[in-house]
Amino acid sequence: QVRLVESGGGLVQNGGSLSLSCAASGGIRSVAAMGWYRQAPGKEREFVADISAVGRPNYAESVKGRFTISRASVPNRVDLRMSGLKPEDTAVYYCSAARVLTNHDIGDYWGQGVQVTVSS
């Protein structure tokens, strides 16, 4: 069974930095892309960043130049480095894995979410 485990997050002051990591496991043969979404209270979940299997990153306009997504040396793991954090970045951040191929099927998966809080 595919599982996404997130780590990192927490509380940081305005302008500070935090890092998030996500590791996917469970009989995975390939993953098309891994990335992050976020959901602030009272708002819909929104795209933050993702990175393809060949390492091409994509970013939401709101985080370009401040966030960096990268693939770790360990297979099926991605890191998100967040700098210049603003109070509006406060949200629950969810790891996503798209088109995950296992020996049994292909599908999209989500992590449980980690809280990122930026104080003003």
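1. Is W110 buried, partly exposed or exposed? This is a predicted model, and in it W110 counts as partly exposed, at 41% relative accessibility. The points below begin with the aromatic rings around this residue and then turn to the strands, the core and the backbone.

2. A search of the whole structure finds two aromatic pairs. In one of them, Y37 and F47 meet edge-to-face, with 5.5 Å from centre to centre and 75° between the planes. Because Y37 belongs to strand β4 (residues 28-39) and F47 to strand β5 (residues 46-52), the pair ties together parts of the chain that are ten residues apart in sequence. Y37 is partly exposed, with a relative accessible area of 26%, and F47 is likewise partly exposed, its relative accessible area being 27%.

3. Y37 also forms an aromatic pair with W110, again edge-to-face, and here the centres are 5.0 Å apart while the planes make an angle of 70°. This pair links distant parts of the chain, since Y37 lies in strand β4 and W110 in strand β10 (residues 106-110), 73 residues apart. Through these ring pairs, Y37, F47 and W110 are joined into a cluster.

4. A charged side chain should be read together with these rings. The charged end of R45 sits over the ring of W110, at 4.6 Å from its centre, and the charged end of R45 also sits over the ring of Y94, where the distance to the ring centre is 3.7 Å. A colleague inspecting W110 would therefore do well to display R45 as well, given that W110 has both the edge-to-face pair with Y37 and the charged end of R45 over its ring.5. An open sheet of four strands has the order β1-β3-β8-β7, and its pairing is antiparallel. Strands β1 (3-8) and β7 stand at the edges, each with a single partner strand, so one side of each is left without a neighbour in the sheet. From one strand to the next, the twist averages 15°.

6. Within this sheet, strand β3 (residues 18-25) and strand β8 (residues 77-82) run antiparallel and are joined by six bridges, and L18 stands opposite M82 of β8. On the β7 side, strand β7 (residues 67-71) pairs with β8 in the antiparallel sense over five bridges. Among the residues facing each other there, T68 has R81 in β8 as its bridge partner, and I69 has L80 in β8.

7. Strands β7 and β8 form a hairpin with five residues between them. N76 lies in the loop between these two strands, and its phi is positive, at about 60°, although N76 is not a glycine. Most residues other than glycine have a negative phi. N76 is buried, with a relative accessible area of 19%, a value just inside the cut-off, because buried means under 20%.

8. A second residue deserves the same kind of check of its backbone. R99 is found in strand β9, and its phi is near 50°, a positive value in a residue other than glycine. In R99 the positive phi thus falls within a strand, whereas N76 is in a loop.

9. The largest nonpolar core has 31 residues, of which W36, L80, M82 and Y93 touch the most other members. Strands β3, β4, β5, β7, β8, β9 (91-102) and β11 (114-119) each supply at least two residues of this core, and the largest share, five residues, comes from β9. In soluble globular proteins, nonpolar side chains tend to be buried together. Two of the core residues named above also appear in the bridges of β8, with L80 as the partner of I69 and M82 opposite L18.

10. Which residues is S52 in contact with, leaving aside its neighbours within four places in sequence? They are A32, A33 and R71. S52 lies in strand β5 and counts as buried, at 17% relative accessibility, whereas F47, which is also in strand β5, is partly exposed.

Methods. Residues are numbered from 1 along each chain as its sequence is written. This is a predicted model: local features need pLDDT of at least 70, side-chain atom pairs count only at pLDDT 80 or more; totals for chains, interfaces and linings use all residues. Side-chain values use heavy atoms; hydrogens and water are left out. Rings of Phe, Tyr and Trp (its six-membered ring) pair if their centres lie within 6.5 Å; planes under 30 degrees apart count as stacked, over 60 as edge-to-face and the rest as tilted. Buried means under 20% relative accessible area, exposed over 50%, partly exposed in between (1.4 Å probe, protein chains only). A charge sits over a ring if NZ of Lys or CZ of Arg is within 6 Å of the ring centre and within 35 degrees of the ring normal. Two strands pair if DSSP finds at least two bridges between them. Contact means heavy atoms within 4.5 Å. Axes are lines fitted to C-alpha atoms, for helices over the stretch in contact, and angles run from 0 to 180 degrees between N-to-C directions. A nonpolar core is a set of buried Ala, Val, Leu, Ile, Met, Phe, Trp, Tyr and Cys residues joined through side-chain atoms within 4.5 Å.
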